[in-house]
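Here's a quick tour of how two chains meet and how a few helices sit. Have the viewer open as you read.

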Number of protein chains: 2
Amino acid sequence: MTPILAVGSIAFDSVKTPFGEASRIIGGAATYFSLAASFFTDVRLVAVVGEDFGDAELELFKGRPIDLAGVQKVPGETFRWKGEYSFDLNNRETIYTHLNVFADFRPAIPEAYRDSPFVFLGNIQPELQLEVLDHVSAPRLVAMDTMNYWIERAPAELRKVLKRVDALLINDAEARQLSGEPNLVRAARCIRQLGPKLLVIKRGEYGVLMARDGEFFAAPAMPLEEVFDPTGAGDTFAGGFVGYLAACDELSEASLARAIIAGSAMASFSVEDFGVERLRRLNHEDVRRRFAEFKRLTHFEAL
Amino acid sequence: MTPILAVGSIAFDSVKTPFGEASRIIGGAATYFSLAASFFTDVRLVAVVGEDFGDAELELFKGRPIDLAGVQKVPGETFRWKGEYSFDLNNRETIYTHLNVFADFRPAIPEAYRDSPFVFLGNIQPELQLEVLDHVSAPRLVAMDTMNYWIERAPAELRKVLKRVDALLINDAEARQLSGEPNLVRAARCIRQLGPKLLVIKRGEYGVLMARDGEFFAAPAMPLEEVFDPTGAGDTFAGGFVGYLAACDELSEASLARAIIAGSAMASFSVEDFGVERLRRLNHEDVRRRFAEFKRLTHFEAL
């Protein structure tokens with residue numbers, strides 16, 4: 001299978017939602033990404049954990065096509081984050097962020113990862129994203145995530161990364177902030193001029209909008225009766241999206257559209273339980289069924 | 001063509017958006033609804049205007065299959081509304097609402113309208129919506145709109161109307177408010193238990209979600225580069241939706257899905273210019289083309 005090199009955070013999360021609470025569960029963008037992508041293709045994971053992240057925790061990645069050679073274990077504690085969600089789950093408050101070992105994270109790319117044809121740069125410092133790109137040779141697709149923090153604090157470095165990536169995955173507020181343009185069609189054009197030919201705008205409960213060459217593709221989110229925990233939904237989407245593209249190893253319009261649905265399907269599972277619990281229990285038949293549900297949700301006959 | 005009886009407001013609007021300003025332009029829910037619906041079928045319009053609404057204004061409806069026998073002209077001034085939109089058009093402030101002749105509006109249903117097979121109850125007092133229903137005999141589909149004001153101020157009357165309608169078209173905040181349920185899947189089930197078997201939830205720039213029998217259909221809004229004035233988009237959507245259903249005169253799953261797209265297409269035009277200007281210039285070929293664009297925007301092949 002065409003492998004994806006994925007760089008990002010592994011964390012211990014504590015999450016409180018209107019439906020319950022979970023403490024010290026495994027989280028982090030790279031965790032959600034790689035679990036989701038592993039349903040479609042091989043993942044080469046680059047991340048850092050502390051000494052408190054033991055074999056029991058690493059078990060989560062075992063038995064899946066996830067290569068852990070790039071996961072460094074260093075002295076200290078693993079990244080910890082705590083968040084609390086509002087009544088309707090549309091807003092969340094960060095209670096604390098303890099970067100711990102993540103504060104000094106320098107991605108160490110194993111030599112065997114240099115030839116990775118697909119690369120996903122999780123939401124980390126733009127400088128580190130650039131370092132990763134310097135350690136891979138001629139990838140066919142580089143996708144990246146970022147956030148308002150880097151848009152505000154490291155705009156110059158961020159622009160350097162954007163010049164070198166093919167796809168940017170961000171939410172709509174970030175797209176508006178990065179482009180300084182409230183209209184998303186113009187925002188998309190502006191962002192594509194910064195480098196990425198492909199822009200994927202995540203809209204939470206409203207779904208996803210993809211822009212390429214002035215053409216758009218839009219997918220709603222699956223209406224779900226039980227949404228327990230939105231944490232990681234965007235990273236899970238990214239894992240399904242890039243994972244599907246790597247699996248079919250081509251970037252046609254048809255593949256891109258299906259990749260958006262694959263990502264949306266994975267994200268729709270992720271929110272159905274706390275943390276990675278739903279992804280942990282998921283099987284390929286579940287994914288195929290959800291993909292078909294998305295077809296029913298959106299299909300109509302031309303006039 | 002299968003006619004629709006449509007009841008609602010005709011108004012003079014003043015609108016300010018980041019892109020300009022327009023004063024005393026023709027607006028009102030029934031105006032947008034009937035213009036949009038008239039692209040698909042015959043409309044029987046029931047509304048009230050003041051003496052300041054002259055032949056020049058009525059000209060807007062002429063040359064279209066819109067029957068004006070139910071439009072009363074009474075002494076006084078026409079309903080006037082002024083609104084101002086925020087930078088990103090997602091919020092608007094009402095500067096004033098002068099009900100004028102609309103304050104004493106009692107829909108007078110011409111005898112010839114009694115057999116109307118499709119009925120659209122615009123956003124007016126629930127009591128008046130009930131009166132209209134008492135004046136029609138066995139319609140095949142009754143659709144209605146309402147708003148937070150009636151959900152809060154006239155809950156008992158509103159429930160009486162809901163029991164007698166087939167389709168409710170509201171926005172997502174109203175769906176949550178009416179059901180007391182933040183989760184839209186559960187909100188939809190709760191609302192369907194109040195009467196309407198069909199629920200259409202309008203989500204502004206994010207599109208539309210339709211619920212029937214626990215099955216959902218979702219359509220994104222068309223990404224548009226120029227959004228000048230969102231006023232009337234929801235009413236225009238309703239006109240396209242009910243208009244399409246009346247035109248094909250059947251309520252299969254396939255027709256309902258296409259009706260959602262027809263409504264979305266009409267709404268996407270409406271916002272491209274101030275007031276009804278874009279609808280005034282619109283032709284059937286534009287509508288067919290936009291419908292095809294929606295197919296490209298959302299289409300993907302099953303796995």
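What follows covers the ground rules, the chain contact, and then some helices.

## Ground rules

This is a predicted model, where local features need pLDDT of at least 70, side-chain atom pairs count only at pLDDT 80 or more, and totals for chains, interfaces and linings use all residues. Residues are numbered from 1 along each chain as its sequence is written, while chains are lettered from A and ligands numbered from 1 in the order in which they are written.

## How the chains meet

Chain B and chain A each put 33 residues into their contact, with two residues in contact if their C-beta atoms, placed from the backbone, lie within 7 Å. On the chain B side, α7 (184–193), β13 (215–219), α9 (253–270) and α11 (284–298) each supply at least two residues; helices (H or I, at least four residues) and strands (E, at least two) are DSSP runs, numbered from the N terminus. The top contributor on that side is α11(B), with 6 residues. By class, the chain B side splits into 22 nonpolar, 3 polar and 8 charged (Ala, Val, Leu, Ile, Met, Phe, Trp, Tyr, Cys and Pro count as nonpolar, Asp, Glu, Lys and Arg as charged, and the others, Gly among them, as polar).

How does chain B map onto chain A? A turn of 180° and a shift of 0.0 Å along the axis lays chain B on chain A with an RMSD of 0.0 Å, using least squares on the C-alpha atoms of residues with pLDDT of at least 70 in both. That's the relation of a two-fold axis. Since 100% of the interface residues of chain B are also interface residues in chain A, the copies meet through the same surface.

## Helix α8, in both chains

In chain A, α8 (residues 233–248) packs against α9 (residues 253–270) at an angle of about 140°, with axes 7 Å apart. Axes here are lines fitted to C-alpha atoms, for helices over the stretch in contact, and angles run from 0 to 180 degrees between N-to-C directions. The α8(A)–α9(A) contact has 13 nonpolar, 7 polar and 1 charged residues.

Over in chain B, 14 of the 16 residues of α8(B) are buried, meaning 20 or more other C-beta atoms lie within 10 Å of a residue's own, against 12 or fewer for exposed and anything in between for partly exposed. Right after α8(B) comes B:D249, with a positive phi near 50°.

## A spot on α10

A:E277 is in helix α10 (residues 277–281) of chain A. It counts as partly exposed because it has 17 C-beta neighbours inside 10 Å. Its C-alpha is 9.3 Å from that of A:I25, though the two are 252 residues apart along the chain.
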